Amino acid sequence: MSIVSSLVPARFLTITAHLVIVITIFWSRENNVKASLPLDFTQEQYDDEDTKLVVALAVTLGLFSVELVGFFTGVSMFNCSQGLLSLVVHCTAAVSLSFYVFQKWECWTYWVIFAFCSVLPAFVELLLLIAVFGLKKKAL
């Protein structure tokens with residue numbers, strides 16, 4: 001089995017793992033929101049912090065859709081650079097977000113993980129989609 005064909009299933013599994021943990025955070029975000037607030041918080045502070053986290057999670061799901069469109073259309077499925085980048089950042093995200101849930105990290109840490117592990121691969125995927133469909137370049 002060649003390296004490129006090994007990256008495809010590994011990439012799919014790490015994207016799926018990252019997606020599952022993001023959906024899990026949607027269900028269990030209360031602990032992380034409370035960890036971001038002072039001990040005596042108001043309902044308004046809670047709602048504000050919860051809204052920020054929900055927005056971050058929703059944008060993450062949108063970026064997943066960009067990346068999965070590029071992957072399933074074949075634009076980046078066999079692209080080694082994008083495959084390796086995606087594999088590394090999504091694996092890092094899955095592990096980091098697992099700690100985020102279990103250790104009850106504050107909400108601002110999600111934004112850091114989001115920037116490196118969701119925005120970066122989606123941006124590269126978007127560039128590949130523009131190159132293939134907009135500029136009519138070859139997929140590899």
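User: Where is Lys104 found, in a helix or in a loop?

Analyst: In this predicted model, Lys104 sits in the loop between α4 and α5. Lys104 counts as partly exposed, because its relative accessibility is 43%.

User: What is the value of phi at Lys104, and how should its sign be read?

Analyst: The general idea is that most residues other than glycine have a negative phi. Lys104 is not a glycine, and its phi is positive, near 55 degrees. Lys136 is a further case: this residue is not a glycine either, and its phi is positive at about 60 degrees. Lys136 is placed in the segment after α5. With 67% relative accessibility, Lys136 counts as exposed.

User: Helix α5 comes before that segment. At which residue does α5 bend, and by how many degrees?

Analyst: Helix α5 covers residues 108–134, and the bend of about 40 degrees is at Phe114. Phe114 is among the buried residues of the helix, as are Thr109, Cys117, Pro121 and Glu125.

User: Glu125 is a charged residue. With which residue does Glu125 form a salt bridge?

Analyst: The general idea is that side chains of opposite charge can pair when their charged atoms come close. The structure holds four salt bridges. In one of them, Glu125 pairs with Arg11, and the closest N and O atoms are 2.8 Å apart. Because Glu125 belongs to helix α5 and Arg11 to helix α1 (residues 3–27), the pair ties together parts that are 114 residues apart in sequence. Both Glu125 and Arg11 are buried.

User: Which parts does the salt bridge of Asp50 and Arg29 tie together?

Analyst: The closest N and O atoms of Asp50 and Arg29 are 2.5 Å apart. Asp50 lies in helix α3 and Arg29 in helix α2 (residues 29–35), so this salt bridge joins parts that are 21 residues apart in sequence. As for burial, Asp50 is buried, with a relative accessible area of 14%, whereas Arg29 is partly exposed, at 22%. The cut-off matters here: buried means under 20%.

User: How many residues apart are Lys34 and Glu30, and in which helix do they lie?

Analyst: Lys34 and Glu30 both belong to helix α2 and are four residues apart, about one turn of the helix. Their salt bridge has its closest N and O atoms 2.9 Å apart. Lys34 is partly exposed, with a relative accessible area of 37%, and Glu30 is partly exposed as well, at 41%.

User: His90 offers a case of another polar side chain. Is His90 buried or exposed, and what does its side chain contact?

Analyst: His90 is placed in helix α4 (residues 80–102). With a relative accessible area of 1%, His90 is buried. Its side chain makes a polar contact with the side chain of Glu67, at 2.9 Å. Beyond residues up to four places away in sequence, His90 touches Thr14, Ile15, His18, Phe64, Glu67, Cys117 and Pro121. Ser86 also lies in helix α4 and is buried, with a relative accessible area of 0%. Outside its neighbours within four places in sequence, Ser86 is in contact with Arg11, Thr14, Ile15 and Glu67.

User: Which residues form a nonpolar patch on the surface?

Analyst: The patch consists of Phe12, Leu13 and Phe72, which together have about 330 Å² of accessible area. Phe72 lies in helix α3 (residues 43–72). Because its relative accessibility is 53%, Phe72 counts as exposed.

Technical notes: Residues numbered from 1 in each chain as written. Predicted model: local features only at pLDDT ≥ 70, side-chain atom pairs only at ≥ 80, totals over all residues. Heavy atoms only, no water. Patch = residues over 30% accessible without salt bridge, like charges linked within 9 Å, V, L, I, M, F, W, Y side chains within 5 Å. Areas by Shrake-Rupley, 256 points an atom, 1.4 Å probe, with all protein chains shown as cover. Salt bridge = Lys/Arg side-chain N within 4 Å of Asp/Glu carboxyl O. Helix = DSSP H or I, 4+ residues; strand = E, 2+ residues; numbered from the N terminus. Buried < 20%, exposed > 50% of the residue type's maximum accessible area, 1.4 Å probe, protein only. Contact = heavy atoms within 4.5 Å. Polar contact = N/O pair within 3.5 Å; in protein donor to acceptor, adjacent residues only side chain to side chain. Bend = angle between axes of the 7 residues up to and from the residue.
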